[in-house]
Amino acid sequence: MVQKRMMTHLLRDILGQPAAFRAALHYQRENRFAEFERAAALLHAADHLLIVAIGASFNAGLALAHSLNRHRRLATLIDASEFDLIRAIPAHAVVIFLTRSGRSIELVRAVERCAREGIYTLAFTNDPDSPVARGVKHHISLRVPFDHAVSIATYTAIVLFAALFANHVADPAAMPQLLVELERAAAETERVLPEWQALLRAVGPDFLTRFTYFLARAESLASAHAGMLLWQEVIKIPAAALSTGTFRHGPQEVLRAPMNIFLWLSPEVNFNHDVQLARDLVRVGANVTVLSPQKVDLPGAAVWLTPPVPADFAAAFNIVPVQLWAEHLAGQAGVDCDRFIHCSYVVEKDGGL
């Protein structure tokens with residue numbers, strides 16, 4: 001008799017995201033986006049925007065940078081561990097910190113530096129009592145349950161609410177309709193979760209014998225990097241993430257070996273070109289999984305339909321299938337996805353592993 005696998009904490013965190021989104025969106029609506037209103041003036045007055053994050057939150061920063069750019073605000077994304085290397089923060093800059101815990105040593109140190117230098121700061125965190133939340137001028141709370149180990153809802157919530165804030169700054173009047181669309185996407189995600197889980201039952205351990213690349217463009221580049229981190233943290237195997245365009249400038253030479261490719265398609269960015277890339281990848285023997293919000297004819301590739309949502313918010317939803325993939329493959333590999341081996345839940349000191 002095959003022993004049924006118990007539900008992992010990781011799977012509970014994944015499946016709980018739609019409900020967590022709805023609750024957090026309800027809170028912001030009931031409070032009339034008061035936190036957003038207080039912080040919006042900072043961005044309107046800023047000449048420079050710096051996004052500072054590390055780990056999974058850095059991947060969320062990729063999505064926020066694209067979202068701000070979509071609304072004609074250029075932002076520079078900086079790895080928090082490199083922030084000390086910036087010799088001079090530009091005058092009239094606003095630094096936006098993204099962090100689930102608000103306690104990572106590099107973020108705490110960066111907030112302290114900004115306070116010393118009189119730099120305006122804003123943070124998205126899940127802990128209003130954390131050193132980062134207490135140290136910035138304005139704090140926006142994610143208000144989702146903390147994940148058991150790997151960043152799941154705390155990651156997607158940063159993507160969701162940072163993009164929502166960027167939209168609020170650009171056009172506050174659009175918020176009611178955006179909330180309707182986001183709640184619809186959360187409901188659709190909840191509906192298709194069992195279907196996605198059923199599809200994974202056919203995926204066996206042989207999938208793990210091939211190296212995996214994650215490719216995407218624009219906001220979904222955050223999902224590609226999040227997928228790579230999930231492979232590393234959950235399954236505990238190496239993987240790579242690149243923009244789809246960069247992959248076509250040399251890295252495609254790795255295709256001489258059997259390869260898994262996850263490819264996100266965006267209807268707004270190079271869609272037809274990337275469909276052709278997917279066809280070529282299948283032709284040369286790659287095992288291709290495509291994630292797309294619209295149907296596409298790709299014989300030989302597995303096409304996973306993701307909930308349609310405004311582009312700014314795509315990365316909050318189109319990563320969920322890959323989260324499920326990572327949890328499933330960890331089980332196939334006999335890896336405990338609920339426990340870190342070398343990494344602490346929050347990195348609060350410098351040096352060592």
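User: How many residues does helix α4 have, and what distance does it reach from its first C-alpha to its last?
Analyst: In this predicted model, helix α4 covers residues 56-70, which makes 15 residues. At 1.5 Å a residue the expected reach is 21 Å, and the helix comes close to that value, its first and last C-alpha atoms lying apart by 22 Å.

User: Is α4 largely enclosed or open, and how many of its residues are buried?
Analyst: The buried residues of α4 include A56, S57 and N59, and also G61, L64 and L68. Helix α4 is largely enclosed by the rest of the structure, because the buried residues among its 15 number 11.

User: Which residue with a positive phi follows α4, and is that residue buried or exposed?
Analyst: The residue after α4 is R72, which lies in the loop between α4 and β2 (75-79). Its phi is positive, about 65°, although R72 is not a glycine. Exposed means over 50% relative accessible area, and R72, at 77%, therefore counts as exposed.

User: Where is N270 found, and what is its relative accessibility?
Analyst: N270 is a residue other than glycine with a positive phi, near 50°. It is found in the loop between β8 (259-264) and α11 (271-283). N270 counts as partly exposed, its relative accessibility being 35%.

User: Why does the pair of F21 and F317 tie together parts that are distant in sequence, and how many residues apart are they?
Analyst: The rings of F21 and F317 form an edge-to-face pair, with 5.6 Å from centre to centre and 80° between the planes. F21 is buried at 3% relative accessibility, and F317 is buried as well, at 2%. Because F21 belongs to helix α2 (residues 17-30) and F317 to helix α12 (residues 314-317), the pair joins parts whose separation in sequence is 296 residues.

User: What kind of aromatic pair do F211 and Y213 form?
Analyst: F211 is partly exposed at 34% relative accessibility, whereas Y213 is buried at 11%. Their ring centres lie 5.5 Å apart and their planes meet at 65°. Planes over 60 degrees apart count as edge-to-face, so the pair of F211 and Y213 is edge-to-face.

User: Which residues do ring pairs link into a cluster?
Analyst: The count of aromatic pairs in the model comes to 15. Ring pairs also build a cluster, and its members are W196, F207, F214, W231, F262, W264, W304 and W325.

User: Which charged residues sit over the rings of Y345 and Y27?
Analyst: The ring of Y345 has a charged end over it, 4.2 Å from the ring centre, and this belongs to R100. Over the face of Y27, at 3.8 Å from the ring centre, lies R143.

User: Which residues touch the most other members of the largest nonpolar core, and which helix gives the most to this core?
Analyst: In soluble globular proteins, nonpolar side chains tend to be buried together. The largest nonpolar core here has 94 residues, and those touching the most other members are L43, L164, F214, W231 and F317. With 12 residues, the helix that gives the most to this core is α7 (residues 153-170).

User: Which residues included in the second core are named, and how many residues does that core have?
Analyst: Separate from the largest core, the second core includes Y213, L215, M259 and I261. Its size is 20 residues.

User: Which residues does V169 touch, leaving aside residues up to four places away in sequence?
Analyst: V169 is found in helix α7 and counts as buried, at 12% relative accessibility. Its C-alpha atom is separated by 35 Å from that of K349, which is 180 residues away along the chain. Not counting residues up to four places away in sequence, V169 touches A40, L43 and H44.

User: How compact is the chain, and what is its radius of gyration?
Analyst: The chain holds 13 helices and 10 strands, and 56% of its 353 residues count as buried. The globule rule gives 20 Å for 353 residues, and the chain comes close to it, so it is as compact as a globular protein of that length, with a radius of gyration of 20 Å.

How values were computed. Residues numbered from 1 in each chain as written. Predicted model: local features only at pLDDT ≥ 70, side-chain atom pairs only at ≥ 80, totals over all residues. Heavy atoms only, no water. Phe/Tyr/Trp six-rings, centres within 6.5 Å; stacked < 30°, edge-to-face > 60°. Helix = DSSP H or I, 4+ residues; strand = E, 2+ residues; numbered from the N terminus. Buried < 20%, exposed > 50% of the residue type's maximum accessible area, 1.4 Å probe, protein only. Lys NZ or Arg CZ within 6 Å of the ring centre and 35° of its normal. Expected span 1.5 Å × (residues − 1). Core = buried A, V, L, I, M, F, W, Y, C linked by side-chain atoms within 4.5 Å. Rg over C-alpha atoms; globule rule 2.2 N^0.38 Å. Contact = heavy atoms within 4.5 Å.
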